[in-house]
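Trainee: I should like to understand how aromatic side chains are packed in a protein interior. Please take me closely through this part of the model.

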Amino acid sequence: MKYLSCLMCAAALLLSGCASSLMKPGDEKSIAALPEQRARVVFLRPSALGGAIQASVFDVTDGKPGFIGVSSVGTKVVYDTAPGKHRFMVVSEAADFLDANLTAGKTYYAIVAPRMGMWKARFSLWPVKADPKAHYSLAGTEFPGWVQQGKLVLNTPEGEQWAKANAADIQGKYNAYMKVWDAKSAEALEKRALDPEDGVSAK
């Protein structure tokens, strides 16, 4: 009976994922209103698949990974940046990307989506688009729940230190997997892009 209880607990942990020690819980009431001259991207991770694996997210607009945060199951990472064209990267066993053209004063959403890798889960970044027919859509029935139930997590000095300590490996993955991204068709890239009209204006 004791063994069964331990097994059930282990399964529950696997399904719920493990919160990253590099991030800290945040209070959504403390998030400042988005300034008109900035754009916001919220990275959501609703799927429990690969829950024991962390995924780190970066802004690689200038080709040099800038650490945004670590995405765990059931969390959301908020990133405010300048409007215009950006490229984001998610790193685990491999790397994947998301292009974005952001409008000032709007909030955009991206899904950190797990996929099976060679040895462990890998991740992709998918845009949440205004188009109801998109892979992930603002009009999707599950989307409001993902936003409301996602627990805000904030970066920490430990997270920044981790990113610095692993900078060479992160840059190496950017260099290797950027070639894969560049080989995608224009149609495939459009499905994986956040466009200006995909943003939500503050209420």
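**Aromatic rings and the core**

Mentor: Of the 203 residues in the protein, 43% are buried (under 20% relative accessible area, with over 50% counted as exposed and the range in between as partly exposed, for a 1.4 Å probe and protein chains only). The model is predicted, so local features require pLDDT of at least 70 and side-chain atom pairs 80 or more, while totals for chains, interfaces and linings use all residues. Residues are numbered from 1 along each chain as its sequence is written, and side-chain values use heavy atoms, without hydrogens or water.

Let us begin with the overall fold. The protein has five helices and twelve strands (DSSP runs of H or I with at least four residues, and of E with at least two, numbered from the N terminus). Among contacts (heavy atoms within 4.5 Å) between residues at least 6 apart in sequence, 71% join residues at least 24 apart.

The interior comes next. In soluble globular proteins, nonpolar side chains tend to be buried together. Here the largest nonpolar core has 36 residues, and F43, F88, M89 and V112 have the most contacts inside it. Such a core is a set of buried Ala, Val, Leu, Ile, Met, Phe, Trp, Tyr and Cys residues joined through side-chain atoms within 4.5 Å. Strand β7 (residues 95-102) supplies the largest share of this core, namely five residues. V112 itself touches residues that include F43, L44, V90 and F123, when residues up to four places away in sequence are not counted. There is also a second, separate core of nine residues, with L44, Y109, A113 and V128 among them.

We may now turn to the rings. A pair of aromatic rings is described by the distance of the centres and the angle of the planes. Rings of Phe, Tyr and Trp (its six-membered ring) pair if their centres lie within 6.5 Å, and planes under 30 degrees apart are stacked, over 60 edge-to-face, and the rest tilted. By this rule there are nine aromatic pairs. One of them joins F97 and W181, whose centres are 5.9 Å apart with 55° between the planes, a tilted arrangement. This pair links distant parts of the chain, for F97 lies in strand β7 and W181 in helix α4 (residues 167-182), 84 residues apart. F97 counts as buried because its relative accessibility is 0%, and W181 is buried at 1%.

Another pair is formed by Y109 and F143: their planes stand at 80° and their centres are 5.0 Å apart, so the pair is edge-to-face. It also links distant parts of the chain, with Y109 in strand β8 (residues 106-116) and F143 in helix α2 (residues 143-149), 34 residues apart. Both Y109 and F143 are buried. F43, Y79 and F88, in turn, form one aromatic cluster.

What else does W181 touch? Besides F97, W181 touches R87, D96, L98, D99, L189 and R192, not counting residues up to four places away in sequence. The C-alpha atoms of W181 and L98 are 9.4 Å apart in space, although these residues are 83 apart in sequence. The side chains of W181 and D99 are joined by a polar contact of 3.4 Å (a pair of N or O atoms within 3.5 Å; within protein, one must be able to donate a hydrogen and the other to accept it, and residues adjacent in sequence count only if both atoms are side-chain atoms).

R192, which touches W181, lies over the face of W126, 4.8 Å from the ring centre. The rule for this requires NZ of Lys or CZ of Arg within 6 Å of the ring centre and within 35 degrees of the ring normal.
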